[in-house]
Amino acid sequence: MSARARLAALAVLVATSLLLVACPGDEEPEPTPTPTPTEALPDPGELMLAAADRMADVEKFHFVLDHENGTSEIVQGIEMVRAEGDIAGEDRLQAEIDGRLGTLAFETGIVVLPDQGWLRNPLTQRWQRENITVSALFDPQQGAVALMRTATATALGDRESIRGAECWVVEASTDSGELVFFRGVESGLTVRAKVWIGVDDPLVHRIELYGPISSSELETIVRRLDLSNFDEDVDIVPPR
């Protein structure tokens with residue numbers, strides 16, 4: 001074979017090799033990744049009922065109640081702006097209260113025991129006996145349970161953390177007459193609510209109520225109730 005023929009044969013061999021590299025045969029397809037299963041979202045209505053049952057078993061907790069654009073009436077014409085205190089069962093409560101009496105702003109305190117109650121006089125800051133009970137004053141435990149059982153859940157929002165507890169956020173609505181937290185409640189007004197319910201344990205960590213519970217209140221009123229220290233020991237005793 002001449003040199004020219006050998007060169008031609010070599011060129012054909014190289015071209016064929018390049019063609020085989022450029023057009024490989026059938027290859028094994030890469031496996032499709034298995035999709036990660038998404039977390040099943042709870043039904044908001046069932047979540048609220050579970051929270052009602054859980055809160056019915058709670059006997060002790062700390063609470064903070066704040067208001068925007070309004071107040072809640074308690075005793076002797078006192079309007080509560082903010083309250084912070086503790087509940088121990090159905091008939092024991094202690095709270096420090098920022099209140100108003102007309103245009104006068106002041107601080108006072110309340111202690112309720114099974115058969116007696118005390119109110120700290122806003123003017124003298126002396127404790128005086130007062131015929132008050134938890135249910136007639138401000139009852140966050142029974143109020144939370146009633147709200148969970150009577151409100152209509154409308155949506156489930158994103159998770160949020162409240163004081164380190166991961167919570168589902170449930171949006172709901174209820175008739176104002178079902179809000180047994182407060183005195184002076186009128187029926188027939190629609191109140192929107194947001195409720196923060198624990199993911200691992202369906203405790204109610206926060207409730208926000210939007211809208212009036214009586215015809216004398218502003219449409220823009222917001223009540224925010226935070227609950228914590230569930231079933232931790234608290235000593236509620238007569239004031240000194």
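A salt bridge is taken here as a side-chain nitrogen of Lys or Arg within 4 Å of a carboxyl oxygen of Asp or Glu. The structure is a predicted model, in which local features need pLDDT of at least 70 and side-chain atom pairs count only at pLDDT 80 or more, whereas totals for chains, interfaces and linings use all residues. Residues are numbered from 1 along each chain as its sequence is written, and side-chain values use heavy atoms, with hydrogens and water left out.

Under this criterion, Glu68 and Arg224 are joined through their side chains by a salt bridge with an N to O distance of 3.3 Å. The contact connects distant parts of the chain, since Glu68 belongs to strand E1 (residues 60–68) and Arg224 to strand E13 (residues 222–228), 156 residues apart; helices (H or I, at least four residues) and strands (E, at least two) are DSSP runs, numbered from the N terminus. Glu68 is partly exposed at a relative accessible area of 36%, and Arg224 is likewise partly exposed at 24%, where buried means under 20% relative accessible area, exposed over 50% and partly exposed in between (1.4 Å probe, protein chains only).

Strand E13 also contributes Asp226, whose side chain meets that of Arg206 in strand E12 (residues 204–210), with 2.6 Å from N to O in this salt bridge. Asp226 has a relative accessibility of 15% and therefore counts as buried. A further pair is formed by Arg149 and Asp53, with the closest N and O atoms 3.1 Å apart; here helix H4 (residues 140–150), which holds Arg149, is linked to helix H2 (residues 44–56), which holds Asp53, across 96 residues. Arg149 is partly exposed at 46% relative accessibility, and Asp53 is partly exposed at 43%. In addition, Asp66, Arg82 and Glu84 are linked in a network of salt bridges, and a search of the whole structure finds twelve salt bridges.

Enclosed and open spaces were examined on a 1 Å grid over the protein atoms alone, a cavity being a set of points where a 1.4 Å probe fits but cannot get out, a pocket an open set with protein on both sides within 12 Å along at least five of seven lines, and lining residues those with an atom within 4 Å of a point. Grid points are joined across faces, edges and corners, and a volume is the space filled by probe spheres set on the points. Two cavities of 30 Å³ or more are found in the whole structure.

The largest cavity holds about 50 Å³ of space, and its lining includes Phe63, Ile74, Met80 and Phe138. Strand E4 gives the most to this lining, with three residues, and the lining comprises ten nonpolar, no polar and no charged residues; Ala, Val, Leu, Ile, Met, Phe, Trp, Tyr, Cys and Pro count as nonpolar, Asp, Glu, Lys and Arg as charged, and the others, Gly among them, as polar. The second largest cavity, of about 30 Å³, has Arg224 among its lining residues, together with Arg223 and Leu225. Strand E13 supplies the most residues to this lining, namely three, and the composition is six nonpolar, no polar and two charged.

The largest pocket contains about 210 Å³ of space and is lined by 16 residues, with Thr71, Glu79, Ser214, Ser216 and Glu217 nearest its centre. Its lining consists of four nonpolar, seven polar and five charged residues.
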